[in-house]
Amino acid sequence: MSKSDSQKIIIVGAGIAGLTAALCLRQTGRDITVLEQAPALQDIGAGIQLSPNALHVLNAINVSDRLEAKADTPTEVSIRDFKSGTPLLTQKMGATFNRRYGAGYWHCHRADLIEALSNAAQEAGIDILFNEKIVAYEETPDTVFVKTQSGKNISADLLIGADGISSTIRSTLHPNNTADFTGQIAWRGLVPTEQLKMHLNKQGHKRGHKRGHNQVPEGVNVWVGPGKHFVAYRLRQASLMNFIAVEERAAWTEENWMLEGDINKLRTAFSAWDSPVQDILEACTETYLWGLFDRPAPKTWHSSRTVLIGDACHPILPFMAQGAAMAIEDAYVLASSLENKTSIEAGLNLFQQKRQNRVKNLYDISRRNAALYHASGIKAAARNTLFAGARMFPKALSYLLDRVYGLNVTE
Ligand SMILES: Cc1cc2nc3c(=O)[nH]c(=O)nc-3n(C[C@H](O)[C@H](O)[C@H](O)COP(=O)(O)OP(=O)(O)OC[C@H]3O[C@@H](n4cnc5c(N)ncnc54)[C@H](O)[C@@H]3O)c2cc1C
C-alpha cells in the first residue's frame, strides 16, 4: 500500500470545488469523505461558463464526457454597446479555442455540472454525507478532528475547506477575514427561448420557429453601459436563455447574499437598453438577486493539516467567469501537489506556491473588467478606443486571453 492509500481526507462542501477535489484526490488513491450541510445536492437555476482551463481538468477526471451532450458551445463572444447593440469587440471561440488551447468553451446549466460531478464521485466510491454541517475543527500534530452539528466527531489526516464564500473553515483559520461587498449586485434568470420574440423578415413574418432563432445574437453577448452590464447566453441545446444583469449599488444591507428579485425593478433598470435585452426581460417571470462579494486570498491558505480551496479561499467577481474555473484548477493542483511531496504540509505549501499568483491575477482582471464594462463619458470613449485597437491588433487580445485560458494545470 502506498502512503496515499492510507490517507484519509475530509472535504467540507459538495459544491464545484469540493466535488472536483474529491475526484482529483480519489484518482491518487486517497480515502475521501465529503460533508455537505444541505439535505441533498443542489444548485441554483443558472448557467455557468466553462473555459478551456477548467475543461482540461474536467477531461482529466472523466467528467466532461458526462456533460458534453448537455453543454452548448458558443461560436463567439461579443461585447456590445448597451443602447445600439453594436459590437465593440468580438472574439471567435469554438474551433478557434480548440486549436489554440486544446479545449473548447462550454455553457452548462449548473445543475448539469453538479450532477456530472456527483455521478462520477459516486462511481469512484466517494462518500458524500448530507445534513452534515461542520461547526468546528481542531488539529493535533497527527490528526485533524472535525465536529458536525449533528454531533459527529470525525478524524482525518487532512481537512479541505471547500465550503464557499461564508466558509467556517476559513473563519477559523483566519478570523475576521470576511468577504467585502464590491458595490455590485447581480440579477440572474433563465427564460425559455421559445418565449423570446422571433426575427421578422421583410414582409413582417416570423423567419421560422426554430428553437433559439430569436433576436438575441448567437454566442455570449455582453452589453456594457454606464454603471451596468448585461450578459446573455443559451443553455441546454439553446432551449434556455441565461442572463446576468449587473448594476452598481452603494450598499448591500440584506442578511442573505441571494434574494428573490423584483422583475419590474430589473426591467426599469435596463429599460433604455438594446432590444434583445428588453426581450429577455419581458419574457422573464422570475429573477434572483445576488450581492457580489470578493476578497483577496489570505496570505496563508493552509495550516499543517487544513487547506482552503475555491470560494472559501478566494471569492472573485464573476466578470471574467473564472470563479468556478479557479476552484476546478485548485482541486487538480492540490491533488498533484500532495502527490509530489512526502509530507502533507509540504504538499500544501507547494499547492499555495503554485496557485497564489494565478488566483491574484484573475482577482485583478475580474475587478478591472468591472471598471471597463461600467465606464461612462470620457472613460467609456477611452474603453471603446482600446477595444478598437484590440480589433486592429488581434494578437494583443490573444495574448491577454492566453493569460487566462492558456493554462493547462494537468500538463
Ligand atoms: C452571478 C455569478 C455568475 C458566475 N458565473 C461563473 C461562470 O460563468 N464561470 C465560473 O467559472 N464561475 C462563475 N461564478 C463563480 C462560481 O459560481 C463560484 O466561484 C463557484 O460556484 C464556487 O464554488 P465552491 O465550490 O468554491 O463554493 P460553493 O458553490 O459556495 O459551494 C460550497 C458548498 O459548501 C457547503 N457548505 C458551506 N458551509 C458548510 C459547512 N459548515 N458544513 C458543510 N457544508 C458547508 C455549501 O452548502 C455548498 O454546497 C459566478 C458567480 C456569480 C455570483
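This briefing covers the sheets, the ligand shell, the nonpolar core and two unusual backbone angles. The model is predicted. Its ligand is surrounded by 34 residues. One open sheet has five parallel strands, and another open sheet has three antiparallel strands. The largest nonpolar core holds 116 residues.

**Five-stranded sheet**

- The strand order is β7-β2-β1-β11-β18, and the sheet is open with parallel pairing.
- β7 (127-129) and β18 (306-308) are the edge strands; each has a single partner, so one side of each lacks a neighbour in the sheet.
- On average, neighbouring strands here are turned by 20 degrees against each other, direction ignored.
- α1 packs on this sheet and touches β1 (8-12), β2 (31-35) and β11.
- The direction of α1 makes about 170 degrees with that of β2.
- β11 (158-161) and β18 are joined in the parallel sense over three bridges. Within that pairing, Leu-159 has Thr-306 as its bridge partner.

**Three-stranded sheet**

- β8, β9 and β10 form an open antiparallel sheet, in the order β8-β9-β10.
- β8 (134-139) and β10 (153-156) stand at the edges; each has a single partner strand, so one side of each has no neighbour in the sheet.
- From one strand to the next, the twist averages 20 degrees.
- β9 (144-148) pairs with β10 in the antiparallel sense, over four bridges. Lys-147 stands opposite Asn-153 of β10.

**The β3-β6 pair**

- Strands β3 (47-50) and β6 are antiparallel and share four bridges.
- Ile-48 has Cys-108 in β6 as its bridge partner.
- β6 (106-109) is covered on both faces. Trp-106 and Cys-108 are buried on one side, and His-107 and His-109 are buried on the other.

**Ligand shell**

- Of the 34 surrounding residues, the closest are Gly-13, Gly-15, Gly-164, Gly-310 and Gly-323.
- By class, the shell splits into 19 nonpolar, 10 polar and five charged residues.
- At least two shell residues come from each of α1 (16-27), β3, β12 (180-192) and α9 (323-340).
- α9 supplies the largest share, with four residues.

**Nonpolar core**

- In soluble globular proteins, nonpolar side chains tend to be buried together.
- Among the 116 members of the largest core, Ile-11, Ala-21, Ala-22, Ile-160, Ile-309 and Ala-331 touch the most other members.
- α9 gives the most to this core, with 11 residues.
- Ala-22 touches Ile-11, Ile-32, Val-34, Ala-121 and Ile-126, leaving aside residues up to four places away in sequence.

**Positive phi outside glycine**

- Most residues other than glycine have a negative phi.
- Gln-237 has a positive phi, near 50 degrees. This residue lies in the loop between β14 (228-235) and β15 (240-248).
- Gln-237 counts as partly exposed because it has 13 C-beta neighbours inside 10 Å.
- Ala-321 also has a positive phi, of about 50 degrees, although it is not a glycine. Its place is in the loop between β18 and α9.
- Ala-321 counts as buried because it has 24 C-beta neighbours inside 10 Å. The cut-off for a buried residue is 20 or more such neighbours.

Definitions and conventions:
Residues numbered from 1 in each chain as written. Predicted model: local features only at pLDDT ≥ 70, side-chain atom pairs only at ≥ 80, totals over all residues. Buried ≥ 20, exposed ≤ 12 C-beta atoms within 10 Å, placed from the backbone. Pairing = 2+ DSSP bridges. Near = placed C-beta within 6 Å. Nonpolar A, V, L, I, M, F, W, Y, C, P; charged D, E, K, R; others polar. Axes fitted to C-alpha atoms, helices over the stretch in contact; angles between N-to-C directions. Contact = placed C-beta atoms within 7 Å. Core = buried A, V, L, I, M, F, W, Y, C linked by C-beta atoms within 7 Å.
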